[in-house]
Amino acid sequence: MAVEWAPLSLPLPRRRQTASILFWIVAIPILLGFFFYFLFTPRYAPWCLAYLVFLALDPSAETGGRRIMVFRRLPLWRWMKDYFPMALIKTAELDPAGNYLFGYHPHGIIALGAWTNFGTEASDFAGKFPGLNTRLMTLATNFNIPLWREVLLSLGIVSVSRRSCDNILNKGPGHSCMIVVGGATEALHAFPGTADLTIRKRLGFIKVALRNGASLVPVFTFGENDIWNQVNNPPGSLIRRTQALFQKYLTFAPPLFFGRGIFQYNVGIMPFRRPVVSVVGAPIPCPKTENPSQEMILHYQEKYLDALQKVWDDHKDKYAPNRKKEMCFFE
């Protein structure tokens, strides 16, 4: 197969977009490289050790982070958005006097749409939903990575735990959180043209919303599964069994994905330039119930699934015209 090279005459904005995505992909190894360099440099080692103590004791990931709006508005995030491009669509008003628990679907390979549209101001979330202070949530293990955790916390990204959710939803009007419901399991189903959601057994976020009286808001991102390809991993295959072991012992399952290259279009780690559109559905009010029954939880789960299905049905022909199948709910 002939290599399809990127033309040398690409305009500066496109090169800038590609560089921003590449920087995001390699940010963790770069930051770790800096940290370990200073850790093993005698002059700076005490400072690094003190930082590790601070990392172990700092509760910010469980208490709402330390969001810096200037950091959320960096041009870097807009360049990332324009690479695909990405968009954020609002379909209903969200009263800033309320609290909301957003459910994000699908996870995709890395939930890049969640990062860009909700973890930053690249798509002007604050302008479209004034008065809301929404924290994107991720695995607690991400906050054990030196320096990278500071990036997450500065964006307002926090740990996805019951304690974290309760702390945020009880801070006052407008304070909300977003959970990528399908998690690592769903990433293994992230194939272009599909929308297979791991959600049937995911009742925890429904219970959290009920316990805190927060309205549930379904979010579906068209194109999230399309920006990378994934090696086929049918149940029972060696690849899937290996991924299951990773998930069991390390809390995440690495999908074997690939996209385009940096200087050529055939294969590489870069995502494809394909549109990604996050559609925010209408809120589902939940009565504050300290100990919701299983029947009540299942009732609100059905209401949530119906609302999510409506988001899909209303927008699939516009944003997923080349889909291979309809959205499916699993597990």
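Two strands are said to pair if DSSP finds at least two bridges between them. Helices (H or I, at least four residues) and strands (E, at least two) are DSSP runs, numbered from the N terminus.

The model is predicted: local features need pLDDT of at least 70, side-chain atom pairs count only at pLDDT 80 or more, and totals for chains, interfaces and linings use all residues. Residues are numbered from 1 along each chain as its sequence is written, and side-chain values use heavy atoms, with hydrogens and water left out.

**Exercise 1.** Determine in which sense S1 and strand S10 pair, and where S1 stands in the sheet.

*Solution.*
Step 1. Strand S10 covers residues 276–280, and S1 pairs with S10 in the parallel sense over five bridges.
Step 2. One residue pair illustrates this: Val276 in S10 is the bridge partner of Met86.
Step 3. The open sheet holds seven strands in the order S1-S10-S7-S2-S5-S3-S4, and the pairing is mixed.
Step 4. Strand S1 (86–90) and strand S4 (158–159) stand at the edges with a single partner strand each, so one side of each has no neighbour in the sheet.

**Exercise 2.** Identify the cis peptide bond that ends at Pro85 and the one that ends at Pro106, and locate both prolines.

*Solution.*
Step 1. Most peptide bonds are trans, and most residues other than glycine have a negative phi.
Step 2. Phe84 and Pro85 are joined by a cis bond with omega of about 0°; Pro85 lies in the loop between helix H5 (75–83) and S1.
Step 3. The bond from His105 to Pro106 is also cis, with omega near -15°; Pro106 is in the loop between strand S2 (100–105) and helix H6 (112–118).
Step 4. As for phi, Asp124 has a positive value of about 60° although it is not a glycine. Asp124 lies in the loop between H6 and helix H7 (125–128).

**Exercise 3.** Describe the largest pocket and the second largest pocket by volume and lining.

*Solution.*
Step 1. On a 1 Å grid over the protein atoms alone, a pocket is an open set of points where a 1.4 Å probe fits, with protein on both sides within 12 Å along at least five of seven lines; lining residues have an atom within 4 Å of a point. A volume is the space filled by probe spheres set on the points.
Step 2. The largest pocket has a volume of about 1,500 Å³. Its lining has 49 residues, and His107, Ile110, Thr138, Leu139 and Asn142 lie nearest its centre.
Step 3. The second largest pocket has a volume of about 300 Å³ and is lined by 20 residues. Strand S7 (215–222) and helix H13 (294–319) each supply at least two residues of this lining; S7 gives the most, with three.
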